[in-house]
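Work through the exercises below with the sequence and the model side by side. Each task is followed by a solution in steps.

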Amino acid sequence: MTCKRCQDRLYEYLDGTLTRRQRENVEAHLARCNGCRAAYAAERVFAQQLTRALHDATADMQPAPNVVFKVNAGLAGATPVHPLHTGVRMSWIRLHKALSLGIVACVILVVVGVTRYGTVRRATAPHSEDTAPIVAHNLEQPQKNGAPVAVMTDESLHVKREVSVSASAALPQVPVVAPAMPAGAASAAVAGQIATSSGARGRAFVAGEMAPPAAPRLLRSSARLSAMSERSELMLADSCVAYDNRRAAAPCVDVCDTDATVQAPARRFDTEDYSRIYENEFLEARNNPLSTFSIDVDSASYANVRRFITQNTLPPKDAVRIEEMINYFRYDYPQPDEGHAFSITTEAAPCPWNPEHTLVMIGLQGKQIAVSNLPPNNLVFLIDVSGSMDEPNKLPLVKAALRLLVNELRPQDRVAMVVYAGAAGVVLESTPGSDKARILAALEQLQAGGSTAGGAGIQLAYKIAKQNFMTGGNNRVILATDGDFNVGASSDAELVRMIEEKRGDGIYLTVLGFGMGNYKDNKMEQLADKGNGNYAYIDSLMEAKKGLVNEMGGTLLTIANDVKLQIEFNPATVKAYRLIGYENRMLKAEDFNNDKKDAGELGAGHNVTAFYEIVPVSSTQTFASVDALKYQATVPQASDELLTVKFRYKRPGETNSVLLTKALGAALVKDSEPSETFRFASAVAEFGLVLRDSEFKGSASISNVLARARKAKGADHEGYRAEFIRMVEQAELLR
Amino acid sequence: MLHYKVNVNVFGDARHSQMMSEEQDMVAGVRAGDAAAVARLVETHSPRLLRSAVLLCGCEADAHDAVQETLVTALRLIGRFRGASSLYTWLHGILINVVRHTVRARKLHAPLEDVPEPADHRCPGDDCARTDEARAVRAAVAALPPEYREVVVLRYFEEMKVDDIARQLGLRSGTVKSRLHYAAARLRAALPPEMQRRGE
């Protein structure tokens, strides 16, 4: 054995991974070679010393105390997963640019490889013997490390398109024809292997910069890939292009992403519709003493805003519905007294973004009902299985979300399943909650494909719900869709009319929105509104769990119907007022007493919060005024109160509403620190004002939001408030 | 003499199988969405990941970010963990990728050639109260080019064998060895007084 060879075996010898024969050879050489013996001893000592030095040098590194919270926040916050994070060899690259790079790198590699290594046959037939083992060797390695190149097969998330590249499947044999994605991804894997195996820096995946200088580096350590034939190269290039074309047409999708949140190019919301929000303005109390609106427990806007920010864009202003953002969180309101459906809380304090004004908070808290005490459920899942749902963050997530719900069902509950796409069909007759296996099996079989025929599906779903109607139970259709309801222009009105009609039968509608790009926000909200239901935007499994499981009582069980608020302001103490949010929930004053007028529902355990910004009568601000009336004299009543809140709601099944009132005295405006709820909820409101760049934002600022939210975080068991804070921090960087 | 021996690949003893089944329970809990299991995973592994990260990144702020992102990624992709390696090894693999592709990508000015990062690279918030020696060690490691840092951390901090390092980093064994050789030479040159002080 030569010294060179002996020293080459140094590390393996110390590792103990030499064969017996190799070890004996080394030891024989060391016995007679001082130089090598010294080298071995030096490395042993160096290793010990360096190891200890490294441990000492890092011993004082401690994780941040709130690391668990931050991680939970990151999870729920749907930070896009970087495509290359999960294993060096598991490089299904999603980025468009990386694929172009991959194509360039592939081509350069082959060309230079041919000239340099001369082991490539120019035959057009793909290699079987030569290339397969070489390539397979690459792919085998990931298997050993426990990180399969295949897509996730987690039991709770099940991607329809499983792309598996087993050790025996040689890369060149990946088909060019559809599904183009796996092929493209495979070529991307090659590119990824090339790039990562050469140890190129991560930033190399920005197209254009890397290709020419990288080529020589790529070659040094990637000889094994040089043996690819020309034809297989062309096939890969074709599939790269095909993948690019497909990707250009659809939002960016990662087949491997188990959490199914999409990392999309920033500006791809051209097909998302948001209704214009015309903000509520300040109204003079003297001329407009009554403010009437319907409550809203939907919180989809929050999830939507979060989606934009975690993808490093600020949301469009009309996507920011402040009332929905505030209502995403649970607040510490007291439970209602015996016999009442909900409690009312009022609080007033100086307005954080305009110290001359007063901010009044009104909170409703619905009665909490233990899940076991909930009335029986008669649920019909109405699932959109049209072609547009065929993405990992849509149908697979729908299935995972509904699976969570199914697991919570009791024997007295019943579930049916209807799908619509092209045609509508019943995939599961109404089945008791005890037969979970059957329900889950039906869910499992769902596949996307076909165009959307939403109207027929809804009719069918309501029909089944009616057939299995449970008196005194919770009869509900749960619609899961990406909003792409193409039932034809004339049928939209029909659809709405039908839903309104069914509402009278006591069947409610919950709308769950998935995915983006086709997310037709206004339509879905409208459906939920008309259907006496609520809607939520599900962008991750955590959100599904929150909406469907944690809040199952609230999402599914309505305890009060047609809840309306009417606030009367006292002009003696209030000069003007402004309701923050609820712009598309405003009602006419006379609608308050009109029981035929539809309004929002309140679910068990839910709470609803609204803020009014009040200009006190002492202010010098002036507002547009109206001439005094000639034929009527308004006589103000002497009172110290700021306002009186009136509520109307109907108990489920009843047609006549119940009235409650509560007054708020001016003396109750707090000088001392407001409650934690007030501080946090107003921080969320302030953030909404900033995002909307509202003309009424006053001195609202992100730093104020952060300061207040951090202090008012409270116990925050589920980490939602921490997630909010993290989101605001991220938004700060985007401005 | 104390020697920090951290077993990355332990085989065949009862304690190992107990560790593995605890780990399996934890992973199963995480997969099921159990918040306590998630917290346990984070708390168990984040300290060691953080120490590795600070050596890989050369900077404390980046290290915290990297560990954060690693844990979030790992939890979201927990379905891919097959149990063929230990959980920590899998997490560390993710950390390597995170550092490669996220942390370094932020340093927009990084040139493409093998230019070592400046030895006095300092991030805001680095603790100045640390001992000189600790700082010298960290600086010496941080002065290495990133791909050499990786092999040094895996060999001398995580104490992995060359074959395992090669697999973890997606390199050939020969590449790993040559990088170790080069890195060791540079570190020896940068740290002789400290090293000798600790000599036997």
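**Exercise 1.** Which residues of α11(A) are buried in this predicted model?

Solution. Step 1: locate the helix; α11 of chain A covers residues 300-310. Step 2: apply the cut-off, under which a residue counts as buried when its relative accessible area is under 20%. Step 3: list the residues that pass, which are A300(A), S301(A), Y302(A), A303(A), N304(A), V305(A), R306(A), R307(A), F308(A), I309(A) and T310(A). Step 4: count them; 11 of the 11 residues of the helix are buried, and the helix is mostly covered. Step 5: go on past the helix to N312(A), which has a positive phi, near 65 degrees.

**Exercise 2.** Which elements of chain A have the lowest and the highest mean pLDDT?

Solution. Step 1: start from the whole chain, where pLDDT averages 72 and 67% of the residues score at least 70. Step 2: go through the elements; the lowest mean, 34, belongs to helix α9 (residues 211-221) of chain A, and the highest, 95, to helix α20 (residues 676-692) of chain A. Step 3: check two further stretches of chain A. Over residues 78-84 of chain A pLDDT stays under 50, and the model has 29 contacts beyond four places in sequence for them. Residues 86-95 of chain A also stay under 50, with 56 such contacts.

**Exercise 3.** How many helices and strands does chain B have?

Solution. Step 1: read the pattern along the sequence, α-α-α-α-α-α-α-α-α. Step 2: count; chain B has 9 helices and 0 strands. Step 3: add the burial, which reaches 57% of the 200 residues in chain B. Step 4: turn to the surface; chain B exposes about 8,400 Å², and carbon and sulfur atoms supply 54% of that area.

Conventions:
Residues are numbered from 1 along each chain as its sequence is written. Chains are lettered from A and ligands numbered from 1 in the order in which they are written. This is a predicted model: local features need pLDDT of at least 70, side-chain atom pairs count only at pLDDT 80 or more; totals for chains, interfaces and linings use all residues. Side-chain values use heavy atoms; hydrogens and water are left out. pLDDT is the predictor's confidence in each residue, from 0 to 100. Helices (H or I, at least four residues) and strands (E, at least two) are DSSP runs, numbered from the N terminus. Contact means heavy atoms within 4.5 Å. Buried means under 20% relative accessible area, exposed over 50%, partly exposed in between (1.4 Å probe, protein chains only). Accessible areas come from the Shrake-Rupley method with a 1.4 Å probe; for residues, only the protein chains shown count as cover.
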